[in-house]
Amino acid sequence: MGCTESKPPEPAGGRKPRTAEPEDSKHGGKEFAPAAAAEPQAKTEAKAETEAEKVPVKKVKIHGMPMSMNCVGPIMLASVAECGELEICKVFEGAHKTEAFTQLNAYNHIPTLEDGEFSMGESNAICRYLALKYKPELYPPTELELCGKIDFAMDVWASEIDKLHAKVVYPVGFPDFYKPPEDLAAAVEAYIAALDKWGKTFLKDGKFVLGDKLSIADFKVVPFLWAAMCCEPKVDGLEVPAQIKEYVNAFFGAVDAAKVMKKCDGYAIAEWFEDKDKLSN
Ligand SMILES: N[C@@H](CCC(=O)N[C@@H](CS)C(=O)NCC(=O)O)C(=O)O
């Protein structure tokens, strides 16, 4: 099920999902419009069969939530690779702590990938798996230097920048779980410097990490950067570097599936941050 098909749970604090019909609703879209009434039945059935044959089997499930930056990379990747989609995991209700979920991922985190009998956790590892199996051009296995560059960009985010992101962005989006640091101004400054350095290090060859070509590094990191952009009005002094903003906008222009970060029944990253309070300590 995609984000337009099953509403995520009401999070603690009682937030109401928005009600507008998503533009890309599978049931409302032209692609799936019923055949014209005047069409002969046999022809309609034959056409329906052909249409059904064309629909790819989406067997991979990405257990996650659309406002989770860690989940969105794998969700977009599964969509682009046409191999699977988001399966809502109601973490606010403890759905990731059940015995069944523990069988999928012993560490009880989202995202968790389920591909038939196989399952795994960790967003970076999931991105690599999805690309290698379903969309290798996004992590080209025979081009070791390109893979090295991709891994470097993704792993630097996880080991160097995520902890700074967690001090500035998470307290806005998830105030029940993350408190702002005592010296917020210093945390903001350090975070901006880290974003700037990441951009200067990994975007020097073009608009994406691999220059003109997309890779899993972009799918992994852009959701975090987009969340930072959404937080600008909520955090004094937070100004995402212009190079990073251009990069995020280029990604939106290149990847249709990126719309899940703007609109997803009220639970997209943009929607999630929109009505959050301004950070103060
Ligand atoms: N390093 C992991 C982090 C996963 C993670 O912390 N996921 C969060 C959601 S973004 C989660 O599962 N939260 C619920 C919990 O830990 O109980 C990854 O990259 O996938």
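**Exercise 1. A loop alanine**

Ala 268 sits in the loop between α9 and α10; is Ala 268 buried or exposed, and which residues is it in contact with?

*Solution.* A word on the model first. It is predicted, so local features need pLDDT of at least 70, side-chain atom pairs count only at pLDDT 80 or more, and totals for chains, interfaces and linings use all residues. Numbering starts from 1 along each chain as its sequence is written.

Step 1: pin down the labels. Helices are DSSP runs of H or I with at least four residues, strands are runs of E with at least two, and both are numbered from the N terminus.

Step 2: count neighbours. A residue is buried with 20 or more other C-beta atoms within 10 Å of its own, exposed with 12 or fewer, and partly exposed in between, the C-beta atoms being placed from the backbone. Ala 268 has 23 C-beta neighbours inside 10 Å, so it counts as buried.

Step 3: list the partners. Contact means C-beta atoms, placed from the backbone, within 7 Å. Skipping neighbours within four places in sequence, Ala 268 is in contact with Pro 66, Met 67, Val 260, Met 261, Lys 262 and Lys 263.

Step 4: check one C-alpha distance. Ala 227 is 41 residues away along the chain, and its C-alpha is 10.0 Å from that of Ala 268.

**Exercise 2. A tryptophan in α8**

Find out which residues Trp 226 is in contact with, beyond its sequence neighbours.

*Solution.* Start with its place: Trp 226 belongs to helix α8. Next comes burial: with 26 C-beta neighbours inside 10 Å, Trp 226 counts as buried. Drop the neighbours within four places, and the contacts are Val 248, Met 261 and Ile 269. As for Val 240, it is 14 residues from Trp 226 in sequence and 9.5 Å away, C-alpha to C-alpha.

**Exercise 3. Two packings of α8**

How do α9 and α2 cross α8, and which residues meet?

*Solution.* Step 1: get the angles. The axes are lines fitted to C-alpha atoms, for helices over the stretch in contact, with angles from 0 to 180 degrees between N-to-C directions. For α8 (residues 216–231) and α9 (residues 242–254), the axes come within 10 Å and cross at roughly 120°. That makes the pair oblique (under 35 degrees is roughly parallel, over 145 roughly antiparallel, 65 to 115 roughly perpendicular, and the rest oblique).

Step 2: look at the α8 and α9 residues. On the α8 side you have Asp 218, Val 222, Leu 225, Trp 226 and Met 229, and they meet Ile 244, Lys 245, Val 248 and Phe 251 of α9. The class tally is seven nonpolar, no polar and two charged (Ala, Val, Leu, Ile, Met, Phe, Trp, Tyr, Cys and Pro are nonpolar; Asp, Glu, Lys and Arg are charged; the others, Gly among them, are polar).

Step 3: repeat for α2 (residues 69–80). Its axis is 8 Å from that of α8, at an angle of about 140°, so this pair is oblique too. Met 69, Val 72, Gly 73, Met 76 and Leu 77 of α2 meet Ile 216, Phe 219, Lys 220, Pro 223, Phe 224 and Ala 227 of α8. That contact has nine nonpolar, one polar and one charged residues.

Step 4: read the handedness. A crossing is left-handed if the near helix is turned anticlockwise from the far one by less than a right angle, and right-handed if clockwise. The α8 and α9 crossing is left-handed, whereas α2 passes α8 in a right-handed one.

**Exercise 4. Unusual backbone**

What kind of peptide bond links Ile 110 to Pro 111, and what is the phi of Asn 108 and of Asp 265?

*Solution.* The baseline: most residues other than glycine have a negative phi, and most peptide bonds are trans. The bond from Ile 110 to Pro 111 is cis, with omega near 0°. Pro 111 lies in the loop between α3 (99–104) and β3 (112–115). Asn 108 is in the loop between α3 and β3 and has a positive phi of about 55°. Asn 108 has 16 C-beta neighbours inside 10 Å, so it is partly exposed. Asp 265 has a positive phi near 55° and is found in the loop between α9 and α10 (269–274). Asp 265 counts as buried because it has 21 C-beta neighbours inside 10 Å.

**Exercise 5. Around the ligand**

Which residues are around the ligand, and how do they divide by class?

*Solution.* Take residues whose C-beta, placed from the backbone, lies within 6 Å of the molecule. You get Ser 68, Asn 70, Val 91, His 96, His 109, Ile 110, Pro 111, Glu 122 and Ser 123. By class, the shell has three nonpolar, five polar and one charged.
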